[in-house]
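Visitor: I have not met this structure before. Please walk me through it, one question at a time.

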Amino acid sequence: QVQLVESGGGLVQAGGSARLSCAASFSSVTMGWYRQAPGKQRELVATITWLGSTNYADSVKGRFSISRDNAKNTVYLQMNSLKPEDTAVYYCNARDWTGVDYWGQGAQVTVSS
């Protein structure tokens, strides 16, 4: 059964840090994180390929870092210098080798000012 299990997040003060993890039940060519704030569309945060190539949204460059452990089919998102505008539900995404996208259940990150 295909599964993406997210963990981490929660309530963080502005300027603080948080870490998200997402474990997949399958191997994936690309893994990433997206987020959706109330009343807004889901947006890309960061992605990472099997070989480790990364891509970040301009709004998180220099503050967030994505990494993955291919042996564990797990992707991580280290979030530093968090701002209130980073408050959102963060969704893990994984694309398998046939091009099918799968999504995690979402993890709430709330940054208080």
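Visitor: Which pattern does the protein chain follow, read along the sequence?
Guide: This is a predicted model. The protein chain has zero helices and 11 strands. Read along the sequence, the pattern is β-β-β-β-β-β-β-β-β-β-β.

Visitor: What radius of gyration does the protein chain have?
Guide: The C-alpha atoms fill a box of roughly 40 × 25 × 20 Å along the principal axes. For 113 residues, a compact globule would have a radius of gyration near 13 Å. The protein chain agrees with that, at 13 Å.

Visitor: What share of the residues of the protein chain counts as buried?
Guide: Buried means under 20% relative accessible area. The protein chain has 113 residues. The share that counts as buried is 41%.

Visitor: Which residues have the most contacts inside the largest nonpolar core?
Guide: This core has 29 residues. Strands β3, β4, β5, β7, β8, β9 and β11 each supply at least two of them. The residues with the most contacts inside the core are W33, L77, M79 and Y90.

Visitor: Which residues does Y90 touch, leaving out those up to four places away in sequence?
Guide: Y90 is among the residues with the most contacts inside the largest nonpolar core. Two others named there, W33 and L77, are touched by Y90. So is M79. The full list is E6, L20, W33, Y34, R35, V45, F64, L77, M79, G106, A107 and V109.

Visitor: Which cysteines form a disulfide?
Guide: A disulfide is a covalent bond between the sulfur atoms of two cysteines. A search of the whole structure finds one. Its sulfur atoms lie 2.1 Å apart, and the partners are C22 and C92.

Visitor: How many residues apart in sequence are the parts that this pair ties together?
Guide: C22 lies in strand β3, residues 18-24. C92 lies in strand β9, residues 88-95. The pair therefore ties together parts whose separation in sequence is 70 residues.

Visitor: Is the disulfide of C22 and C92 left-handed or right-handed?
Guide: Look at the torsion about the S-S bond. For C22 and C92 it is about -80°. The disulfide is therefore left-handed.

Visitor: Is C22 buried or exposed?
Guide: The cut-off for buried is under 20% relative accessible area. C22 has 0%. Its partner C92 also counts as buried, at 0%. So C22 is buried.

Visitor: Is T47 buried or exposed?
Guide: T47 sits in strand β5, residues 43-49. Among the residues T47 touches are T30, M31, Y34 and I66. Its relative accessible area is 14%, so T47 is buried.

Key:
Residues are numbered from 1 along each chain as its sequence is written. This is a predicted model: local features need pLDDT of at least 70, side-chain atom pairs count only at pLDDT 80 or more; totals for chains, interfaces and linings use all residues. Side-chain values use heavy atoms; hydrogens and water are left out. Helices (H or I, at least four residues) and strands (E, at least two) are DSSP runs, numbered from the N terminus. Buried means under 20% relative accessible area, exposed over 50%, partly exposed in between (1.4 Å probe, protein chains only). Contact means heavy atoms within 4.5 Å. A disulfide is a pair of cysteine sulfur atoms within 2.5 Å. A nonpolar core is a set of buried Ala, Val, Leu, Ile, Met, Phe, Trp, Tyr and Cys residues joined through side-chain atoms within 4.5 Å. The radius of gyration is taken over C-alpha atoms; the globule rule is 2.2 Å times the number of residues to the power 0.38.
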